[in-house]
Amino acid sequence: MNLILLGPPGAGKGTQAERLVSGRGLVQLSTGDMLRAAVAAGTEVGKKAKKLMDAGQLVPDEIVIGIISDRLEEPDCKSGVIFDGFPRNLAQAEALDALLGEKGLSLDAVVEIRVDDEVLISRIEKRAAESDDERSDDNADVLRDRLKVYHEQTAPLLPYYEGQNKLKVVDGMLTIDEVSEEIEKVLNG
Ligand code: AMP
């Protein structure tokens with residue numbers, strides 16, 4: 001099974017992806033994690049990406065499409081993958097359709113984890129108040145920029161996948177366990 005988890009930053013895509021990895025033996029492909037690894041390793045890609053990531057902007061499509069294309073070649077992806085944080089705009093979605101087509105793969109479902117902006121902003125403010133260990137792109141100001149990018153560039157993927165009859169929506173404002181149950185329901189149903 002190949003899945004996309006879609007949703008705004010902070011909706012819990014990573015947490016739910018981890019549960020799908022242990023529950024269904026899928027491989028999590030998080031472009032955010034891969035880019036953070038490139039930043040930490042100080043690669044050329046990492047240097048280019050860091051400024052954009054810190055500003056809450058998207059890194060160029062060719063970088064993330066290249067990363068995903070290479071990663072999909074690795075044998076573990078044969079058991080099925082969860083795209084987490086990719087695609088982020090229509091150009092990436094079209095590139096992913098083409099990539100999967102070339103590799104003889106297909107998407108089974110796109111799960112939208114839906115959460116209101118205000119809930120995300122209050123969650124991040126609460127987390128910031130409780131901890132002084134912040135990721136450089138993890139504060140309320142950057143979150144507002146990331147939400148703007150999400151609504152402008154990523155939200156158009158919802159009608160795109162609805163048009164392919166693949167979109168399933170779950171309420172991301174429930175507890176983590178309840179969201180997992182909802183995801184299982186839509187995937188099994
Ligand atoms: P994430 O961990 O998925 O929230 O991603 C963190 C940051 O990495 C984003 O704010 C972007 O700057 C960058 N990023 C991650 N995935 C993508 C993508 N598919 N396209 C462009 N930029 C991305």
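**Figure 1. Gly42 and the end of helix α2.** In this predicted model, Gly42 adopts a positive phi of about 70° just after α2. The helix that precedes Gly42 spans residues 31–41. Ala40 and Ala41 of α2 are exposed.

**Figure 2. The buried face of helix α2.** Thr31, Gly32, Leu35 and Ala38 are the residues shown here, and each of them is buried. Viewed down the axis of α2, the buried residues fall within an arc of 120°, so they line one face of the helix. Elements that cover these buried residues include the strands β2 (27–30) and β3 (81–84), and among them are also the helices α3 and α4 (61–72). Ala40 and Ala41, which are exposed, lie on the other side of α2.

**Figure 3. A salt bridge between helices α9 and α1.** The structure holds 13 salt bridges, one of which pairs Glu184 with Arg24. The closest N and O atoms of Glu184 and Arg24 are 2.7 Å apart. Glu184 belongs to helix α9 (residues 176–188) and Arg24 to helix α1 (residues 13–24), so the pair ties together parts that are 160 residues apart in sequence. Glu184 has a relative accessibility of 30% and therefore counts as partly exposed. Arg24, at 27% relative accessibility, likewise counts as partly exposed.

**Figure 4. A salt bridge within helix α3.** The side chains of Glu44 and Lys47 form a salt bridge, with an N to O distance of 3.4 Å. Both residues lie in helix α3 (residues 44–54); because they are three residues apart, about one helical turn separates Glu44 from Lys47. An α-helix has 3.6 residues a turn, so residues three or four places apart point the same way. Glu44 and Lys47 are both exposed.

**Figure 5. The salt-bridge network of Arg71, Glu74 and Asp76.** Asp76 and Arg71 are paired in a salt bridge whose closest N and O atoms are 2.8 Å apart. Salt bridges with shared partners join Arg71, Glu74 and Asp76 into one network. Arg71 has a relative accessibility of 17%, and because buried means under 20%, Arg71 counts as buried. Asp76, with a relative accessibility of 33%, counts as partly exposed. The bridge of Asp76 with Arg71 thus links a partly exposed residue to a buried one.

Key. Residues numbered from 1 in each chain as written. Predicted model: local features only at pLDDT ≥ 70, side-chain atom pairs only at ≥ 80, totals over all residues. Heavy atoms only, no water. Salt bridge = Lys/Arg side-chain N within 4 Å of Asp/Glu carboxyl O. Helix = DSSP H or I, 4+ residues; strand = E, 2+ residues; numbered from the N terminus. Buried < 20%, exposed > 50% of the residue type's maximum accessible area, 1.4 Å probe, protein only. Arc of directions from axis to C-beta. Contact = heavy atoms within 4.5 Å.
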